[in-house]
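Me: I have a protein model open and want to learn to read it. Can you take me through some features, one at a time?

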Amino acid sequence: NKMDLIKRIIKKYFSKKIINILRNNLNILKLKNTRKIFNNSDTIPGFLEKGDLEVLQKKYPFPPEYGYDKNSLEFRGIKRAKEIFKLQGAKKSHSFLEIGCWDGMVSCILCRNGKTATAIDISTEGLDESAINEGVKFHQMDAENLLFEDESFDFIFSYDSFEHFSKPEKVLTEATRVVKKGGYIFLSFGPLYYSPLGEHAYRSITVPYCQVLFPKDMLNNFAEQNGLTRIDFNHVNRWSFEDYEFLWTKYNKILKVLKYDKFYNLEYLDLIKKYPSCFKDKSVNFDNFIVSSIDIMFKKIDS
């Protein structure tokens with residue numbers, strides 16, 4: 001009857017709620033314990049041995065494919081465009097610039113919704129023709145040297161690119177230059193270098209924190225010996241979460257932070273707990289290893 005149904009719903013709801021509370025409390029305790037072990041650790045040894053790499057590689061499976069088929073590109077473009085339209089100032093903005101667009105599908109969806117979108121990338125390899133057909137103005141261009149006039153755009157955004165730029169500060173300087181006064185800059189990026197998947201090597205080396213636990217030569221020798229793709233260590237900029245935090249403060253006189261979200265990956269705390277010296281050898285700031293990605297939005301100060 002109706003009363004039994006209500007009781008079942010309440011029981012199910014509170015069971016899930018209690019489970020979530022217990023899980024969160026357990027994660028907090030695990031985090032505190034791991035941080036304590038890290039803080040009390042020395043920095044020797046700084047790396048593990050080849051035998052450790054062989055054991056850990058078997059432990060961690062390859063992640064699912066990211067998805068570059070037509071449907072996946074369309075879905076991500078729509079999802080991110082919706083996210084942008086929820087941000088302050090986006091709906092009233094007319095001219096958009098996407099930095100590091102790759103396939104250009106976010107800009108494609110913006111054009112589909114009546115906006116003017118310009119997109120740049122250092123490569124044309126990933127560009128989807130749907131973006132061009134929809135009206136996106138694409139330019140093959142270095143983000144560190146934007147070939148646009150000062151104050152050209154109402155809204156600038158970038159997804160999953162900022163961790164790849166070799167000189168993030170130069171990119172932010174250029175974005176600040178070409179956005180209009182009172183305009184907006186939104187950056188969503190990660191995984192950051194010292195976070196579990198920060199080397200972006202997971203198609204070859206599946207071990208989380210491989211960049212922290214093993215030297216580069218060992219990783220690529222292992223990849224070659226096992227028929228895996230070599231890692232391009234220049235693919236990411238190796239900036240820590242701490243480096244980005246410092247960068248934001250340098251621009252606080254011209255860029256006002258409207259939104260700042262840090263996302264944590266606590267799934268692999270067991271590796272920090274087991275091999276704390278490898279981590280302490282790379283950074284004494286524990287947060288560098290657990291903050292995985294960042295969403296930040298600025299407004300250019302109109303004065």
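Me: Let's start with the largest cavity. How do its lining residues divide by class?

Reply: This is a predicted model. The lining of the largest cavity divides into 7 nonpolar, 2 polar and 1 charged. The residues to find are P196, L197, E199, H200, A201, Y202, I205, T206, V207 and C210. The volume of this cavity is about 40 Å³.

Me: How many cavities of 30 Å³ or more does a search of the whole structure find?

Reply: The search finds 2. The second largest has a volume of about 30 Å³.

Me: Which residues line the second largest cavity, and which helix gives the most?

Reply: Look for I99, S158, F162, F165, V171, L172, A175 and L187. Helix 6, residues 168-178, gives the most, with 3 residues. By class, this lining has 7 nonpolar residues, 1 polar and no charged ones.

Me: Now the sheet. What is the order of its strands?

Reply: Read across the sheet, not along the chain. The sheet is open, has 7 strands and runs 3-2-1-4-5-7-6. Its pairing is mixed. Neighbouring strands are turned against each other by 15° on average, ignoring direction.

Me: Why is one side of strand 3 and of strand 6 left without a neighbour in the sheet?

Reply: Strand 3 (137-140) and strand 6 (255-264) stand at the edges. Each has a single partner strand, so one side of each has no neighbour in the sheet.

Me: Take one pair. In which sense do strand 4 and strand 5 pair, parallel or antiparallel?

Reply: Strand 4, residues 153-159, and strand 5, residues 179-189, pair in the parallel sense. The pairing covers 6 bridges. To locate one, start at F153: its bridge partner in strand 5 is V179.

Me: Next, helices against the sheet. Which strands does helix 3 lie across?

Reply: Helix 3 lies across strand 1 (95-99), strand 4, strand 5 and strand 7 (291-300). Its angle to strand 4 is about 135°. Helix 4 lies across strand 1, strand 2 (116-121) and strand 4. Helix 4 runs at about 170° to strand 2.

Me: How do I read the crossing of helix 3 and helix 4? At what angle do their axes cross?

Reply: Ask for distance, angle and hand. The axes of helix 3 (residues 70-85) and helix 4 (residues 105-112) come within 8 Å and cross at roughly 65°. The crossing is right-handed. Helix 3 makes the contact with L73, E74, G77, I78, R80, A81, I84 and F85. Helix 4 brings M105, V106, I109, L110 and R112. Together these contact residues divide into 9 nonpolar, 1 polar and 3 charged.

Me: Last, the backbone. What is the usual pattern for phi and for peptide bonds?

Reply: Most residues other than glycine have a negative phi, and most peptide bonds are trans. Now the cases that depart from that. W102 is not a glycine, yet its phi is positive, about 55°. W102 sits in the loop between strand 1 and helix 4.

Me: Where are the cis peptide bonds at P45 and P191?

Reply: One joins I44 and P45, with omega about 0°. P45 is in the loop between helix 1 (2-39) and helix 2 (50-59). Another joins G190 and P191, with omega about 5°. P191 is in the loop between strand 5 and helix 7 (210-213).

Notes: Residues numbered from 1 in each chain as written. Predicted model: local features only at pLDDT ≥ 70, side-chain atom pairs only at ≥ 80, totals over all residues. Heavy atoms only, no water. Axes fitted to C-alpha atoms, helices over the stretch in contact; angles between N-to-C directions. Helix = DSSP H or I, 4+ residues; strand = E, 2+ residues; numbered from the N terminus. Left-handed = near helix turned anticlockwise from the far one by under 90°. Contact = heavy atoms within 4.5 Å. Nonpolar A, V, L, I, M, F, W, Y, C, P; charged D, E, K, R; others polar. 1 Å grid on protein atoms, 1.4 Å probe; cavity = no way out; pocket = protein on both sides within 12 Å on 5 of 7 lines; lining within 4 Å. Points joined across faces, edges and corners; volume = space filled by probe spheres on them. Pairing = 2+ DSSP bridges.
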